[in-house]
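Here is a short report for a reader who is new to this structure. It moves from the whole chain to its open and closed spaces, then to a few chosen places.

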Amino acid sequence: MSVSAPASLHAGARRTNGRAFAGGFVALAAGAAALSGALPVGFALATVFLFAGPHNWFEARYALGRLPARAGKLWGFFAVSVCGIVGLTAGYAALPFLVSPADLVSGPELYAVWCSAFLLWVAFLVWMRSRTNPRFDGGWVWPLALFLCAGAWLSPFALPIALVYLHPLMALWLLDRELARSRPHWRKAFRVAALCVPVFLVALWWWLKDAPGLPGTDQVTLAFAPTALRADTLADHSGAWALPDVSPHFLVAAHTFLEMVHYGVWVLLIPLIGLRSRPWELKAIPAARRSPTWARGVAAVLLFGLSAVVALWVCFGIDYETTRRVYFTVAMLHVLAEVPFLLRMI
């Protein structure tokens with residue numbers, strides 16, 4: 001009894017901590033859903049202003065702590081990853097200047113080209129990942145990718161809209177993988193808690209499916225955008241132009257809810273369990289341990305990131321709408337960067 005009792009108490013404490021972590025996630029999601037439904041425009045403005053920059057910095061800091069100091073045999077995988085991230089981001093940023101969703105001639109074709117390039121890039125990364133340890137059969141990825149490419153040509157705007165809603169959920173997948181690595185005894189409770197996300201989405205739909213037009217004059221909106229940011233800008237970004245039969249009110253609220261969950265995971269939950277040291281300490285970053293020169297380079301990257309966060313806040317204060325448009329266009333870079341990073345964690 002004297003041997004098993006401490007072990008039992010330790011296991012009970014771990015389960016309690018896991019439930020507390022899961023409960024915190026549910027509380028975060030519940031608050032995000034309530035505020036998104038009640039103040040979809042104002043809460044969207046506030047969340048992007050407060051968390052868009054910091055969450056990117058924490059994501060970069062986390063990635064630096066997980067990337068190997070040397071690419072070694074993974075050089076090809078990282079090279080394809082970087083080329084795809086840069087090329088696809090540049091192409092996505094150029095699309096609004098080349099076409100508009102209303103362009104029925106060249107618009108769909110160019111979007112279909114981008115979607116096909118994205119799908120084939122992901123397929124190639126999956127195939128490359130399948131050939132490294134732990135290995136798996138990756139041959140299935142090619143017929144699936146070609147099937148999805150055919151779908152992209154039939155409905156060119158479907159994939160970009162899907163990415164708007166699926167990308168925030170990638171943070172949950174990354175959090176689950178991090179729990180498997182560092183807190184496996186918390187994973188079951190978190191997976192149960194994560195089921196609240198679709199439940200809250202259904203609740204938002206039921207609440208807002210017949211809601212009138214989007215509000216845009218609440219105090220939060222006016223505080224962030226004295227010239228009144230047009231609600232239809234948020235609706236367009238949420239895909240209302242392609243989903244005319246769905247309430248724009250619900251679409252903006254759903255997108256805001258998912259983004260806030262995404263921000264909460266990166267700013268609060270992953271740093272809580274995933275950072276091996278304080279964010280400003282470089283000893284846990286493999287690349288920084290290579291040499292003093294590399295350490296200074298990593299420090300410069302992190303300091304540049306902090307400067308970018310401050311600059312983003314300043315730009316939001318000067319011209320919120322333009323900054324938001326630019327941010328969500330350039331943000332495709334970090335959306336794409338999560339794909340190879342997640343594949344390496346599988």
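## Terms and model

In the residue classes used here, Ala, Val, Leu, Ile, Met, Phe, Trp, Tyr, Cys and Pro count as nonpolar. Asp, Glu, Lys and Arg count as charged, and the others, Gly among them, as polar. The model is predicted.

## The largest cavity

How many cavities of 30 Å³ or more does a search of the whole structure find? The search finds 2. The largest cavity has a volume of about 70 Å³. Its lining divides into 5 nonpolar, 4 polar and 2 charged residues.

The lining residues are A44, T47, V48, L234, S238, V252, H255, T256, E259, R324 and F328. Three elements give two or more residues to this lining: α2 (40-66), α11 (248-274) and α13. Helix α11 gives the most, with 4 residues.

## The chain as a whole

The chain has 14 helices and 0 strands. Read along the sequence, its pattern is therefore helix after helix, α-α-α-α-α-α-α-α-α-α-α-α-α-α. 

Of the 346 residues of the chain, 46% count as buried. Contacts with a separation of 6 or more are mostly long in sequence terms: residues 24 or more positions apart account for 81% of them.

## The largest pocket

About 1400 Å³ of space lies in the largest pocket. The pocket is lined by 42 residues. Closest to its centre are A60, A63, L333, H334 and A337.

Which elements give two or more residues to the lining of the largest pocket? They are α2, α3 (75-98), α12, α13 and α14 (332-345). The largest share, 8 residues, comes from α12. By class, the lining of the largest pocket divides into 31 nonpolar, 6 polar and 5 charged residues.

## Helices α12 and α13

Two packed helices are described by the angle between their axes and the distance between the axes. Helix α12 covers residues 292-318, and helix α13 covers residues 320-330. Their axes come within 6 Å and cross at roughly 135 degrees. That crossing makes α12 oblique to α13.

From α12, the contact is made by L312, C315, F316 and I318. From α13, it is made by Y320, T323, R324 and Y327. By class, this contact has 6 nonpolar, 1 polar and 1 charged residues. R324 also belongs to the lining of the largest cavity.

## E178

E178 sits in helix α6 (residues 158-182). Is E178 buried or exposed? Buried means under 20% relative accessible area. E178 has a relative accessible area of 0%, so it is buried.

Which residues is E178 in contact with, leaving aside its neighbours within four places in sequence? They are Y62, R66, R183, I273, G274 and M345.

## W205

W205 is found in helix α8 (residues 196-208). Its relative accessible area is 39%, so W205 is partly exposed.

W205 and L251 are 46 residues apart along the chain. Their C-alpha atoms are separated by 8.5 Å.

Conventions
Residues are numbered from 1 along each chain as its sequence is written. This is a predicted model: local features need pLDDT of at least 70, side-chain atom pairs count only at pLDDT 80 or more; totals for chains, interfaces and linings use all residues. Side-chain values use heavy atoms; hydrogens and water are left out. Axes are lines fitted to C-alpha atoms, for helices over the stretch in contact, and angles run from 0 to 180 degrees between N-to-C directions. Angles under 35 degrees count as roughly parallel, over 145 as roughly antiparallel, 65 to 115 as roughly perpendicular and the rest as oblique. Contact means heavy atoms within 4.5 Å. On a 1 Å grid over the protein atoms alone, a cavity is a set of points where a 1.4 Å probe fits but cannot get out, and a pocket is an open set with protein on both sides within 12 Å along at least five of seven lines; lining residues have an atom within 4 Å of a point. Grid points are joined across faces, edges and corners, and a volume is the space filled by probe spheres set on the points. Buried means under 20% relative accessible area, exposed over 50%, partly exposed in between (1.4 Å probe, protein chains only).
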